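Trainee: Got a minute to go through this one with me?
Mentor: Sure, put it up and ask away.
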Amino acid sequence: MRAVDNARNLPSGFSYQPSAISFEKSLALYDALCSTIPWQQNTITLFGKTHKIPRLERFIADPGMRYSYSGKLLDSAPWPGILQGIRKTLERRFDVSFNALLANYYRDGQDSMGWHSDDEPELGATPVIASLSLGATRKFKIRHKNTHEVTDIFLETGSLLMMQGNSQRDYQHALPKQAKVTQGRINLTFRSVGNAE
Ligand SMILES: O=C(O)CCC(=O)C(=O)O
């Protein structure tokens, strides 16, 4: 495993900016989104058995967007007004139209996300994903698909992790359980859906 000093030496296609929004603003946004996003407890069926996904989720999108995640078509909620400013700022900065957002709410360290790549065809060949973290700091793992080299990074409140280029083609990522984390975290992944190249 490769230890990273939290910003440098990330694998190709990943970049990390701490304090993309201020500490105070990030926590105010966390509190507001806990109650304004209509969170869903989704399930997954494996070998005929249905399990609760270990986090709450909500797919937010412009009208008419369709997006499947982990093989399931997600029904979408409209954009909360409170996110429109951040969305516009990210769009201007990265010159991408972020027409969809997958929001994840990890209620504490028992909630998690397994290894995966965001490589659904709707995201195009080289997706641009802007991932904003709010609330508790959580460990994020990145694993090369061939060499299996793993890089860990800690995602702090207010930080922005960009995943671009071949980051989804070449790597998987995961958010493991962390038993000692007692606070919640919301992660907002701004996505551009429907621009398959
Ligand atoms: O919570 C995170 O930082 C990871 C989110 C993620 O991997 C995803 O939405 O695909």
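Trainee: How much area does the chain expose, and what share do carbon and sulfur atoms supply?
Mentor: The chain exposes about 9700 Å², with 52% supplied by carbon and sulfur atoms (Shrake-Rupley, 1.4 Å probe). Keep in mind this is a predicted model, where local features need pLDDT of at least 70, side-chain atom pairs count only at pLDDT 80 or more, and totals for chains, interfaces and linings use all residues. Residues are numbered from 1 along each chain as its sequence is written, and side-chain values use heavy atoms, leaving out hydrogens and water.
Trainee: How many helices and strands does the chain have?
Mentor: There are 3 helices and 15 strands, taken as DSSP runs (helices H or I, at least four residues; strands E, at least two).
Trainee: New topic: which residues does UniProt list for "binding site"?
Mentor: The unreviewed entry lists F47, G48, K49, Y67, S68, Y69 and D119, though such annotations may be inferred rather than shown by experiment.
Trainee: Is K49 buried or exposed?
Mentor: K49 counts as exposed because its relative accessibility is 55%; the cut-offs are under 20% for buried, over 50% for exposed, and partly exposed in between (1.4 Å probe, protein chains only). K49 sits in strand β3, residues 49-52.
Trainee: And Y67, buried or exposed?
Mentor: Buried, because Y67 has 0% relative accessibility. Y67 belongs to strand β5, residues 67-69.
Trainee: What does Y67 touch?
Mentor: Leaving aside residues up to four places away in sequence, Y67 touches F59, K72, L73, L74, E120, E122, L123, R191 and V193 (heavy atoms within 4.5 Å).
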